[in-house]
Every structure is written in C-alpha cells, then in structure tokens.
Amino acid sequence: MTIFGVQYNAPPDRGWVKTGSPVISGPGSYLAENTVYDSVTQKFWIVFSNFTDSAVGIAKSDDLNTWSIDNATLISGIPSSGNAPHIMLSGGTWYIYYS
C-alpha cells in the first residue's frame, strides 16, 4: 500500500500539490492519520492504521518528504485494526488514541 501526501503554500485553503513520491510505502495496507513535530527528536511523526496486522504503526521524517516506518506494529493485537489513530503531546507525555 502506498500513501501519498500533499504540500501547500500558505494559506492552506489553496495551493495544495500532490508530492511526487509516496509518503509511506510498504507491504501492508495502511491508512495515515495526523502528523506531529517533536522538538526533542527533531523529527516529524505520523501514526497510521495497519490493517494487514491489526495494529497501529508509526513513521518518522526529517523533512515531511522522505518517510521511514519506525514500527509498523507499535500497538498490536487490536481487534478493530486500530482505526483512526491520533498522536498528541499533552503535559510532556505523548498519547496515541485509536478506535
């Protein structure tokens, strides 16, 4: 499964352009959700549903264009395949929510 991204020129209500290469590409069936920036690791992180393994995975990037899967089964054994995962930082602690 390949997930493509878009990039925009401000303001975000216009000027969206599909990137030329896949954001995340791998053997599984993935659905990417939100992207965050972590100032400690100085990386962008994206969480995704991994329908192939009934899991939630996570990928990282330095530049929002080149991504690598850090862990395709970060949270595994999920009966619902980890639908709609969302990552956020609150009070210095990272949280991942999914349904």
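## A short tour from strand β6 to a surface patch

Start by selecting K43, which lies in strand β6. The model you have open is a predicted one.

Colour K43 by accessibility. Its relative accessibility is 23%. That makes K43 partly exposed, because buried would require a value under 20%.

Now show the side chains of K43 and D62. A polar contact joins them, at 2.6 Å. Check the backbone too: the C-alpha atoms of K43 and D62 are 5.1 Å apart, although 19 residues separate the two along the chain.

What else does K43 touch, beyond its neighbours within four places in sequence? Look for V36, Y37 and D38, then for K60, S61 and D62.

Next, select F44. Strand β6 holds this residue as well, and the strand covers residues 43–50. Turn to D63, 19 residues from F44 along the chain. Here the C-alpha atoms are separated by 7.5 Å.

Bring up the contacts of F44, again leaving out residues up to four places away in sequence. One group is T35, V36 and Y37. Another runs through A59, K60, S61, D62, D63 and L64. W67 completes the list.

Leave strand β6 and select Y95. This residue sits in strand β10, residues 93–97. Is Y95 buried, partly exposed or exposed? Y95 is partly exposed, because its relative accessibility is 35%.

Finally, add M88 and Y97 to the selection and show the surface. With Y95, they form a nonpolar patch there. Together the three residues offer about 280 Å² of accessible area.

Conventions
Residues are numbered from 1 along each chain as its sequence is written. This is a predicted model: local features need pLDDT of at least 70, side-chain atom pairs count only at pLDDT 80 or more; totals for chains, interfaces and linings use all residues. Side-chain values use heavy atoms; hydrogens and water are left out. Patches are made of residues with over 30% relative accessible area and no salt bridge: like charges are joined within 9 Å, nonpolar side chains (Val, Leu, Ile, Met, Phe, Trp, Tyr) within 5 Å. Accessible areas come from the Shrake-Rupley method with a 1.4 Å probe; for residues, only the protein chains shown count as cover. A salt bridge is a side-chain nitrogen of Lys or Arg within 4 Å of a carboxyl oxygen of Asp or Glu. Helices (H or I, at least four residues) and strands (E, at least two) are DSSP runs, numbered from the N terminus. Buried means under 20% relative accessible area, exposed over 50%, partly exposed in between (1.4 Å probe, protein chains only). Contact means heavy atoms within 4.5 Å. A polar contact is a pair of N or O atoms within 3.5 Å; within protein, one must be able to donate a hydrogen and the other to accept it, and residues adjacent in sequence count only if both atoms are side-chain atoms.
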